[in-house]
Amino acid sequence: MYEAAAGAFKAEIAERDAIGATLATARKRRRLSQQAVADGAGIQQAELSRIENGLGNPTVDTLLKILAALDLRMTIESPHLQADDQRQ
């Protein structure tokens, strides 16, 4: 049981890191500062920094605000959903 919980925790940390890195890359490609994105999202710059560095645990609402400030949208992908769609 411990191994399963540890594996799930590692996977969650990896996802946080990936989301943060993706947001940071998008922000930098748009040549925006953390402060500009944070202001656009209505959050503190420090919170955006934590999220970009994989240290934050943002709510869906916060992620959506950041995405809107970056003129992006969220997409959810799942191989299981794709397989189900092909069967129907």
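Author: Quick term before we start: contact means heavy atoms within 4.5 Å. Also, keep in mind that this is a predicted model.

Reader: Got it. So which residues of α2 meet α4, and which ones in α4 do they meet?

Author: On the α2 side there are Val37, Gly40 and Ala41, and they meet Lys65, Ile66 and Ala69 in α4. Sorted by class, that contact of α2 with α4 holds four nonpolar residues, one polar and one charged.

Reader: Cool. At what angle do the axes of α2 and α4 cross?

Author: Roughly 120°, and the axes come within 8 Å. In case you're hunting for α2 in the viewer, that helix covers residues 34-41.

Reader: And what do you call α2 and α4 at that angle, oblique or roughly perpendicular?

Author: Roughly perpendicular stops at 115 degrees, and these axes cross at roughly 120°. α2 and α4 are therefore oblique to each other.

Reader: Is the crossing of α2 past α4 left-handed or right-handed?

Author: Right-handed.

Reader: Okay, what about α2 and α3? How do their axes cross?

Author: At roughly 110°, with the axes of α2 and α3 coming within 8 Å. That angle makes α2 roughly perpendicular to α3.

Reader: Which residues make that contact?

Author: From α2 you have Gln34, Gln35, Val37 and Ala38, and from α3 there are Gln45, Leu48, Ser49 and Glu52. By class, the contact of α2 with α3 counts three nonpolar, four polar and one charged. Val37 is worth clicking on: it belongs to the contact with α3, and it meets α4 too.

Reader: Nice. Where does α1 come in? How do the axes of α1 and α3 cross?

Author: The axis of α1 comes within 7 Å of the axis of α3, which is the helix of residues 45-52, and they cross at roughly 120°. That makes α1 oblique to α3.

Reader: Which residues of α1 and α3 meet?

Author: α1 brings Arg16, Gly20, Ala21, Leu23, Ala24 and Arg27, while α3 brings Leu48, Ile51 and Glu52. That contact divides into five nonpolar residues, one polar and three charged.

Reader: Switching topic: pockets! What volume does the largest pocket have?

Author: About 190 Å³. The elements that give two or more residues to its lining are α1 (2-29) and α4 (60-69).

Reader: Which of the elements gives the most to that lining?

Author: α1 does, with three residues. The whole lining of the largest pocket is Ile19, Thr22, Leu23, Leu63, Leu67, Leu72, Arg73, Met74 and Thr75. In class terms that's six nonpolar, two polar and one charged.

Reader: And how much space lies in the second largest pocket?

Author: About 150 Å³. Its lining includes Arg16, Ile51, Gly56, Asn57, Pro58 and Val60. α1 and α4 each supply at least two residues of that lining.

Reader: What classes are the residues in the second pocket's lining?

Author: Six nonpolar, two polar and one charged. If you want to find both pockets on screen, try Ile19, Leu63 and Met74: they line the largest pocket, and they line the second largest pocket as well.

Key. Residues numbered from 1 in each chain as written. Predicted model: local features only at pLDDT ≥ 70, side-chain atom pairs only at ≥ 80, totals over all residues. Heavy atoms only, no water. 1 Å grid on protein atoms, 1.4 Å probe; cavity = no way out; pocket = protein on both sides within 12 Å on 5 of 7 lines; lining within 4 Å. Points joined across faces, edges and corners; volume = space filled by probe spheres on them. Helix = DSSP H or I, 4+ residues; strand = E, 2+ residues; numbered from the N terminus. Nonpolar A, V, L, I, M, F, W, Y, C, P; charged D, E, K, R; others polar. Axes fitted to C-alpha atoms, helices over the stretch in contact; angles between N-to-C directions. Parallel < 35°, antiparallel > 145°, perpendicular 65-115°, else oblique. Left-handed = near helix turned anticlockwise from the far one by under 90°.
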